[in-house]
Amino acid sequence: MIIFGTRGYLYQLAVLTLVCGWCGNPAAHTLRKRVTKFTLFFVPLFPISTKFATQCTFCGGEQRIPKEQADQLLAQHVASQSGNPFGGAPQPGYAPGAPGQGQNPYQG
């Protein structure tokens with residue numbers, strides 16, 4: 001007797017601030033990845049399907065998105081976490097902690 005089936009795995013990739021398509025509020029949305037894997041004797045062997053979705057934390061509305069859009073949102077999230085919201089390299093001549101940068105001009 002062979003025992004086989006599927007099992008779903010849910011991964012939370014990021015928490016993003018977006019305008020909700022359901023309620024229209026700017027709120028936090030979780031970017032989730034759902035992977036369904038084929039199992040044999042309760043051991044997951046290979047993925048059968050992968051789906052991406054965002055879920056609003058305000059109203060609970062969930063919207064499926066394509067993989068390309070999920071990758072784009074994740075790249076924007078990673079770029080914003082690195083301190084540069086535009087995702088590029090720091091400005092030329094910028095050195096954190098250098099004299100004259102980030103100092104209070106009104107300090108006596």
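## Thr30 and its surroundings

In this predicted model, Thr30 is placed in strand β2, which covers residues 26-40. Thr30 counts as buried because its relative accessibility is 9%, and the limit for that class is under 20%. The side chain of Thr30 makes a polar contact with the side chain of Arg32, at 3.3 Å, and Arg32 in β2 is in turn the bridge partner of Gln12.

When residues up to four places away in sequence are not counted, Thr30 touches Gln12, Ala14, Val15, Ala53, Thr54, Gln55 and Thr57. Among these neighbours, Gln55 is itself a bridge partner, being paired with Glu62 in β4.

## Order of elements and pairing of strands

The protein chain has four strands and one helix, and from the N terminus on these elements follow the order β-β-β-β-α. Strand β1 covers residues 4-19, and β1 and β2 pair in the antiparallel sense over 15 bridges. These two strands form a hairpin with six residues between them, and in that turn Gly24 has a positive phi of about 80 degrees.

Strand β2 is also joined to β3 (residues 43-56), again in an antiparallel arrangement, by twelve bridges. The hairpin of β2 and β3 has two residues between the strands, and Phe41 in its turn has a positive phi of about 55 degrees. Beside this turn, Leu40 has Val43 of β3 as its bridge partner, while Thr39 stands opposite Pro44 in β3.

Strand β3 and strand β4 (residues 62-65) run antiparallel and are joined by four bridges. Between β3 and β4 there are five residues, the two strands forming a hairpin in whose turn Gly60 has a positive phi of about 85 degrees.

## The salt bridge in the helix

The count of salt bridges comes to one. This salt bridge is formed by Asp71 with Lys67, and the closest N and O atoms are 2.9 Å apart. Both residues belong to helix α1 (residues 67-81), where Asp71 and Lys67 are four residues apart, or about one turn of the helix.

How exposed are the two partners, Asp71 and Lys67? Asp71 counts as partly exposed because its relative accessibility is 35%, and Lys67 is likewise partly exposed, since its relative accessible area is 46%; the class in question lies between the limit for buried, under 20%, and the limit for exposed, over 50%.

## Surface and contacts of the chain

A nonpolar surface patch of about 810 Å² is made by Met1, Ile2, Ile3, Phe4, Phe41 and Phe42. Of these residues, Ile3 lies in the segment before β1, whereas Phe41 is in the turn of the β2-β3 hairpin. Ile3 is partly exposed because its relative accessible area is 33%, a value that also satisfies the requirement of over 30% for membership of a patch.

For the protein chain as a whole, the exposed area is about 8,200 Å², of which carbon and sulfur atoms supply 57%. Buried residues, Thr30 being one of them, make up 19% of the 108 residues in the protein chain. Among contacts between residues at least 6 apart in sequence, 44% join residues that are at least 24 apart.

Definitions and conventions: Residues numbered from 1 in each chain as written. Predicted model: local features only at pLDDT ≥ 70, side-chain atom pairs only at ≥ 80, totals over all residues. Heavy atoms only, no water. Patch = residues over 30% accessible without salt bridge, like charges linked within 9 Å, V, L, I, M, F, W, Y side chains within 5 Å. Areas by Shrake-Rupley, 256 points an atom, 1.4 Å probe, with all protein chains shown as cover. Salt bridge = Lys/Arg side-chain N within 4 Å of Asp/Glu carboxyl O. Buried < 20%, exposed > 50% of the residue type's maximum accessible area, 1.4 Å probe, protein only. Polar contact = N/O pair within 3.5 Å; in protein donor to acceptor, adjacent residues only side chain to side chain. Contact = heavy atoms within 4.5 Å. Pairing = 2+ DSSP bridges.
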